Amino acid sequence: MDDASTGQVLEVVLPGVVEPDGLVLRHRERPTPGPGRALVRVEATGVSFAEQQMRRAKYYDQPPFPFVPGYDLVGTVAEVGPGVDPGLLGGRFAVLTKTGGWASHAVVDAADLVPVPDGVDPAEAETLVVNGITAWQVLHGVARVAEGQTVLVHGANGGVGSTLVQLARLAGARVIGTASPRHHDAVRELGATPLDYRDPALPAKVRELAPGGVDAVFDHVGGPGIVDSWRLLGPRGTLVAYGTASTRDAPGSSRLPVLRLFARLLLWDALPGGRTAKFFNIWTGKRDAAGFRARLGRDLGAVFALLAEGRLRPQVAARVPLERVAEAVALAESGTITGKVVLVP
């Protein structure tokens with residue numbers, strides 16, 4: 001008997017700093033949405049890098065344990081609260097949640113719902129929620145990449161990286177993508193020139209491909225390698241840092257690596273010469289709720305349109321039942337995949 005017929009919700013709880021098999025499956029009564037809220041029956045959610053950090057208590061502003069992870073989701077509206085348009089019922093939407101997505105049902109603000117085009121597979125759409133918003137905004141909003149430019153994408157096989165490669169190619173840019181050799185064929189198929197991120201000669205090889213420097217570097221790694229990312233820029237290039245993956249397993253404060261990176265970028269950005277260095281946070285501007293939602297809806301809508309037209313290929317690494325979340329997390333963290341692991345309640 002499924003959760004819909006029992007009136008219950010199945011959700012995954014992160015109880016503390018645990019290994020993947022320490023995640024807890026829990027049933028509870030299905031909630032009723034309050035004013036301005038909607039109950040969404042989740043059709044797909046995913047394992048993002050953020051949850052990998054949260055599992056280690058390394059995400060910058062995660063809530064206190066225990067909580068339900070899940071940075072984004074795609075699903076259909078099953079119930080609406082007072083003041084919400086009943087016409088939303090039965091519609092498929094995407095939601096950026098930060099937490100709460102790893103469940104069979106989730107209550108969200110109705111204003112946060114972004115329509116998913118008809119005919120688009122929920123799991124494919126899910127791979128492009130947080131990844132698509134991030135890739136679109138760093139490419140077009142921060143770096144403003146234009147046709148004929150050359151960009152360097154670190155982690156070109158990852159969820160954000162594989163989307164970035166495709167969006168940059170659609171913008172008419174030439175792309176150099178770093179990944180481990182096992183992923184080079186996949187990166188090449190996306191339209192990028194692959195290079196081994198562990199190769200000590202990586203900077204020299206990038207310079208061979210772009211003697212005048214690259215126009216943009218997209219770096220989710222942070223750590224010491226960020227210096228090479230800065231040095232590889234051309235005279236008016238832009239470095240966009242959007243994570244600190246290199247510190248995921250490092251002991252100590254979750255905030256300190258981010259603050260150090262932010263300080264370094266501020267210093268570089270203040271230097272003369274025309275190059276810029278920016279830190280991207282998908283939640284920037286959240287205090288202006290209306291503006292934030294409008295921007296998110298516009299940008300994710302543009303990504304979904306490309307998906308619906310077949311111009312953007314979703315990278316679904318695997319579809320795993322929600323009940324097998326431990327397996328999904330282990331796979332996502334294995335470094336063996338291209339794209340994103342999707343959880344299917």
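Tutor: Two residues are in contact when heavy atoms of theirs lie within 4.5 Å. With that rule, residues 24 or more positions apart account for 67% of the contacts in the chain with a separation of 6 or more. What stands above is a predicted model, in which local features need pLDDT of at least 70 and side-chain atom pairs count only at pLDDT 80 or more, whereas totals for chains, interfaces and linings use all residues. Residues are numbered from 1 along each chain as its sequence is written, and side-chain values use heavy atoms, with hydrogens and water left out.

Student: How do you know whether the radius of gyration of the chain agrees with that of a compact globule?

Tutor: The radius is taken over C-alpha atoms, and the globule rule is 2.2 Å times the number of residues to the power 0.38. For 345 residues this rule gives a value near 20 Å, and since the chain has 20 Å, the two agree. Along its principal axes, the C-alpha trace spans about 65 × 40 × 40 Å.

Student: What makes a run of residues a helix or a strand here, and how many are there in the chain?

Tutor: Both are DSSP runs numbered from the N terminus, a helix being H or I over at least four residues and a strand being E over at least two. On that basis the chain has eleven helices and 15 strands.

Student: Why is glycine 46 called buried?

Tutor: A residue is buried under 20% relative accessible area, exposed over 50%, and partly exposed in between, with a 1.4 Å probe and protein chains only. Glycine 46 has a relative accessible area of 0%, and therefore counts as buried; of the 345 residues of the chain, 52% fall in that class. Glycine 46 is found in strand S3, residues 37-47, and, leaving aside neighbours within four places in sequence, its contacts include Glu51, Trp102, Glu126 and Lys340.

Student: Which class does glutamate 51 belong to, and how do you know?

Tutor: Glutamate 51 has a relative accessible area of 4%, so it is buried. This residue lies in helix H2, and beyond four places in sequence it touches Gly46, Pro69, Gly70, Tyr71 and Trp102.

Student: How do you know whether phenylalanine 279 is buried, exposed or partly exposed?

Tutor: The value for phenylalanine 279 is 26%, which lies between the two limits, so the residue is partly exposed. Phenylalanine 279 is found in strand S13, residues 276-279, and among the residues it touches, not counting those up to four places away, are Ala241, Val258 and Phe262.

Student: What makes lysine 98 and arginine 144 notable in phi, and which class does each fall in?

Tutor: Phi of lysine 98 is near 70°, a positive value in a residue other than glycine, and arginine 144, also not a glycine, has a positive phi of about 50°. At 17% relative accessibility lysine 98 counts as buried, while arginine 144, at 62%, is exposed. Lysine 98 lies in the loop between strand S5 (92-96) and strand S6 (105-109); arginine 144 is in the loop between helix H4 (130-142) and strand S8 (150-153).

Student: What makes two rings an aromatic pair, and how many pairs are there?

Tutor: Rings of Phe, Tyr and Trp (its six-membered ring) pair if their centres lie within 6.5 Å; planes under 30 degrees apart count as stacked, over 60 as edge-to-face and the rest as tilted. By this rule the count comes to six aromatic pairs. One of them joins tyrosine 59 and tyrosine 71, at 6.0 Å centre to centre and 75° between the planes.

Student: Why is the pair of tyrosine 59 and tyrosine 71 called edge-to-face?

Tutor: The distance of 6.0 Å is within 6.5 Å, and the angle of 75° is over 60, so the pair qualifies and is edge-to-face. Both tyrosines sit in the loop between helix H2 (49-55) and strand S4 (72-80), twelve residues apart, and both are buried. Ring pairs link Tyr59, Tyr71, Trp283 and Phe292 into a cluster. The loop between H2 and S4 also holds proline 66, which a cis peptide bond with omega of about -10° joins to phenylalanine 65.
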